[in-house]
Amino acid sequence: MALESYIKARRRQRDVLLMTHIVIGYPDYGRSMQTVEAMVEAGVDLMELQVPFSEPIADGPVILGANQRALAGGMTVSGCLDFAGKCAQRFDIPFVIMSYYNILHRYGVAAFADRMSGLGLKGAIVPDLPPEEAREYLNAMDRACLDPILLYSPNTSDERMAYLAEHARGFVYCVARPGVTGAATEFSEELTEYLGRCRAATELPLAVGLGIRDGKGMKYLRGKADIAIVGSHSIRTFDEQGTPGIRSLVQSLVAASAIGPP
Amino acid sequence: MRNRGYYSGFGGAYVPEILVATFDELEDAFEDAKSDPSFRKSYEQLMASCCGRATPLTLAENLSERFGGARIYIKREDLNHTGSHKANNVMGQGLLVKRMGKTRVVAETGAGQHGVATATMAARMGLECTIYMGEVDVIRQRPNVFWMERLGATVVSVRDGSRTLKDAINEAFRDWMAHPDTTHYVLGTACGPHPFPEMVTYFQSIIGQEARRQVLNQAGKLPKRVYACVGGGSNAMGIFSGFLDDDVELVGAEAGGRGLGSGRHASRLAGGQGSIGIAQGYRSYFLQDGDGQMRETHSVAAGLDYIGVSPILAHLQRSGRARFEAVTDSEVVDAMALTMRCEGLVPALESAHGFAQAFKEVRGLAKEDVVIVNQSGRGDKDIFTVAEAFEDPGWRAFIRHKAEQYGARELHQGTA
């Protein structure tokens with residue numbers, strides 16, 4: 001099933017869905033697979049698998065560190081794609097790839113898209129690739145029947161949101177605040193107004209990322225967005241409490257997102 | 001972003017969505033300034049009154065005599081305020097920061113020259129200033145850290161990745177992403193997303209404009225060749241841009257480090273070592289592996305120790321307009337020593353790459369020919385590195401003595 005219809009169907013049962021993120025190969029191949037397994041068993045709705053890059057410019061210290069650790073451990077791009085393929089085969093939720101454009105460019109953009117499609121992945125997030133630079137990528141994703149997931153940010157104008165919506169597929173990744181991954185976000189009126197602008201700009205589901213850590217964030221998003229994205233916080237949780245910590249984090253986030261009074 | 005800033009397919013603006021509006025604002029401010037005739041004038045006045053421009057063009061008679069080929073002229077960016085060409089770009093961007101009404105600047109630095117220049121500009125223009133510097137560079141360029149801090153800047157030592165210039169650039173971008181409304185990123189070289197390559201070149205072109213005028217006055221002719229070292233490419237773009245429309249060969253000297261075969265170098269264009277990639281917001285040649293991961297680079301000169309190169313220089317190479325050569329660390333140290341002894345000039349280790357390449361080639365030119373070498377900065381900042389390269393015994397004794405003094409003092413304070 002395509003991402004958008006999967007999300008919309010799943011949303012009939014739950015107010016806010018949960019997307020988690022891992023860096024493939026952090027802290028090593030085996031333990032990143034165990035993390036995926038724990039997240040899926042605890043009820044995550046979809047997952048973002050990051051192919052590590054040496055210059056992850058949009059990531060903060062936690063994910064940056066995980067990228068470096070994965071690369072130092074010898075993680076390669078083809079190893080990452082094999083890993084993602086195994087996930088898609090083993091687990092019955094959609095997986096999307098997150099990476100920086102140079103990784104796709106070096107592999108060959110069309111070849112990368114074809115490989116993702118062949119492995120049963122659903123889409124990709126490439127944070128350093130605005131659609132103005134993305135003709136080759138957008139065409140390749142389209143041919144491979146994959147969803148290019150684009151980003152909105154609080155300082156994206158209404159006009160640009162409409163432009164981005166023309167090229168986005170699957171869902172839109174709404175960056176909750178200025179900055180990189182990993183810092184806390186305040187659930188303010190300003191954020192609510194911004195999410196209102198996002199909602200008005202596209203029919204696609206909205207996923208909100210950067211700084212969501214607990215049930216409070218999930219509850220805040222009810223009625224404002226479709227998916228909460230948890231990234232750096234799950235890596236921090238893994239570092240402190242290992243796989244059991246990941247399991248209970250995901251369980252508590254999923255529990256907080258059941259349909260109910262706001 | 002309307003104009004994507006492409007040069008033969010190099011360049012572009014690969015920026016995260018959070019910065020798109022900021023880049024639009026910057027591009028508007030730059031375009032607005034460029035079309036305002038009083039802007040360039042106020043920039044040139046500032047460079048004259050504050051930085052001591054025009055910098056001289058010095059005939060190196062002894063070196064010319066020694067090699068017996070073309071006469072060697074040296075463009076003296078070492079005499080620019082803060083000791084290098086970096087101030088040209090920094091002061092210009094500072095004027096733009098004022099036009100945009102921003103209150104804070106961040107910058108990356110490798111050798112520390114750009115960091116010192118930015119801290120100087122920030123002090124003068126009343127801006128808050130944070131400088132990102134790789135930990136490796138903090139260690140090898142400690143004197144510049146001292147000056148940046150004295151000038152009021154906060155210096156952040158970057159411990160990620162290879163802990164050099166590229167990592168400092170990543171951190172400066174991350175800071176900018178978190179504070180796009182108040183902050184401007186004063187990128188120090190002709191790299192990065194559009195409009196930086198064009199904008200940095202616009203300010204640095206003051207070098208080439210002066211040099212062309214001066215060489216015509218002093219030598220009565222245009223040079224056969226112009227030499228410049230190439231890290232990111234800002235001093236090279238600065239001097240080259242004065243001669244682009246002339247019949248003058250443009251030669252860029254990259255860091256050959258321990259030799260191209262050693263893998264320990266920073267030559268992206270010379271010797272076919274680099275390959276096309278997209279990183280730090282632009283498409284150009286990078287030193288990367290088959291997966292697209294950036295490789296470790298090496299140079300005796302911190303300012304050249306960088307993975308990428310200006311997209312405009314990549315374009316000048318592709319179009320055959322410029323030639324790029326690699327110079328090894330030991331050739332650089334020799335060229336620096338010779339320049340000091342023959343001319344009483346102290347080029348920075350970065351600049352000495354351009355000197356070394358010129359010294360290899362001038363014998364092949366006629367006596368009536370002229371070449372220009374861009375001395376992009378002064379070398380006294382490199383005293384620790386240079387003293388080590390020369391294995392200077394007096395310096396070692398001095399450092400040992402200083403360390404003992406500090407040790408004794410701390411011991412004394414500790415027991416007091």
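## Close-up views of a predicted two-chain model

**View 1. A glycine follows helix α11 of chain B.** Just after α11(B), Gly320(B) adopts a positive phi of about 80°. This view, like the others, comes from a predicted model. The helix itself covers residues 311–318 of chain B, and its buried residues are Pro311(B), Ile312(B), Leu313(B), Ala314(B) and Leu316(B). What do the buried residues of α11(B) pack against? Their neighbours in chain B are two helices, α9 (196–219) and α10 (234–240), together with the strands β1 (6–7), β2 (10–11), β12 (282–286) and β13 (322–328).

**View 2. Arg225(B) and Glu249(B) form a salt bridge.** Let's look at this pair of side chains, whose N to O distance is 2.8 Å. Arg225(B) sits in strand β9 (residues 225–229) of chain B and Glu249(B) in strand β10 (residues 249–257) of chain B, so the pair ties together parts that are 24 residues apart in sequence. Are these partners buried or exposed? Arg225(B) has 17% relative accessibility and therefore counts as buried, the cut-off being under 20%. Glu249(B), with a relative accessible area of 29%, is partly exposed.

**View 3. Arg225(B) also pairs with Glu361(B).** Here the closest N and O atoms are 3.0 Å apart. Glu361(B) belongs to helix α13 (residues 349–361) of chain B, while Arg225(B) is in strand β9 of chain B, so this salt bridge links parts that are 136 residues apart in sequence. Glu361(B) and Arg225(B) are both buried. Step back a little, and a network appears: Arg225(B), Glu249(B), Arg323(B), Glu325(B) and Glu361(B) are joined by salt bridges that share partners.

**View 4. A salt bridge crosses from chain B to chain A.** Side chains of opposite charge can pair when their charged atoms come close. In this view, Lys166(B) and Glu55(A) make such a bridge, with their closest N and O atoms 2.9 Å apart. Over all chains, the structure holds 43 salt bridges. The pair shown here runs from helix α8 (residues 165–178) of chain B, home of Lys166(B), to the loop between β2 (46–50) and α3 of chain A, where Glu55(A) is found. How accessible is each partner? Lys166(B) is buried, with a relative accessible area of 5%, and Glu55(A) is buried too, at 2% relative accessibility.

**View 5. Chain A meets chain B across an interface.** In this wider close-up, 37 residues of chain A touch 37 residues of chain B. The two chains bury about 2900 Å² between them, and 52% of that is on carbon and sulfur atoms. The count of salt bridges between chain A and chain B is 3, and 20 residue pairs are in polar contact across the interface. Which elements give two or more residues to chain A's side? They are α3 (61–72), α5 (101–107), β5 (147–152) and α8 (158–167) of chain A. The most comes from α5(A), which gives 5 residues. Sorted by class, this side of chain A has 20 nonpolar, 9 polar and 8 charged residues.

**View 6. Chain A is built from 11 helices and 8 strands.** Its C-alpha trace spans about 45 × 40 × 35 Å along the principal axes. A compact globule of 262 residues would have a radius of gyration near 18 Å, and the 17 Å of chain A agrees with this. Of those 262 residues, 61% count as buried.

Definitions and conventions:
Residues are numbered from 1 along each chain as its sequence is written. Chains are lettered from A and ligands numbered from 1 in the order in which they are written. This is a predicted model: local features need pLDDT of at least 70, side-chain atom pairs count only at pLDDT 80 or more; totals for chains, interfaces and linings use all residues. Side-chain values use heavy atoms; hydrogens and water are left out. Contact means heavy atoms within 4.5 Å. Buried area is the accessible area (1.4 Å probe) that two parts lose on being put together, summed over both. A salt bridge is a side-chain nitrogen of Lys or Arg within 4 Å of a carboxyl oxygen of Asp or Glu. A polar contact is a pair of N or O atoms within 3.5 Å; within protein, one must be able to donate a hydrogen and the other to accept it, and residues adjacent in sequence count only if both atoms are side-chain atoms. Helices (H or I, at least four residues) and strands (E, at least two) are DSSP runs, numbered from the N terminus. Ala, Val, Leu, Ile, Met, Phe, Trp, Tyr, Cys and Pro count as nonpolar, Asp, Glu, Lys and Arg as charged, and the others, Gly among them, as polar. The radius of gyration is taken over C-alpha atoms; the globule rule is 2.2 Å times the number of residues to the power 0.38. Buried means under 20% relative accessible area, exposed over 50%, partly exposed in between (1.4 Å probe, protein chains only).
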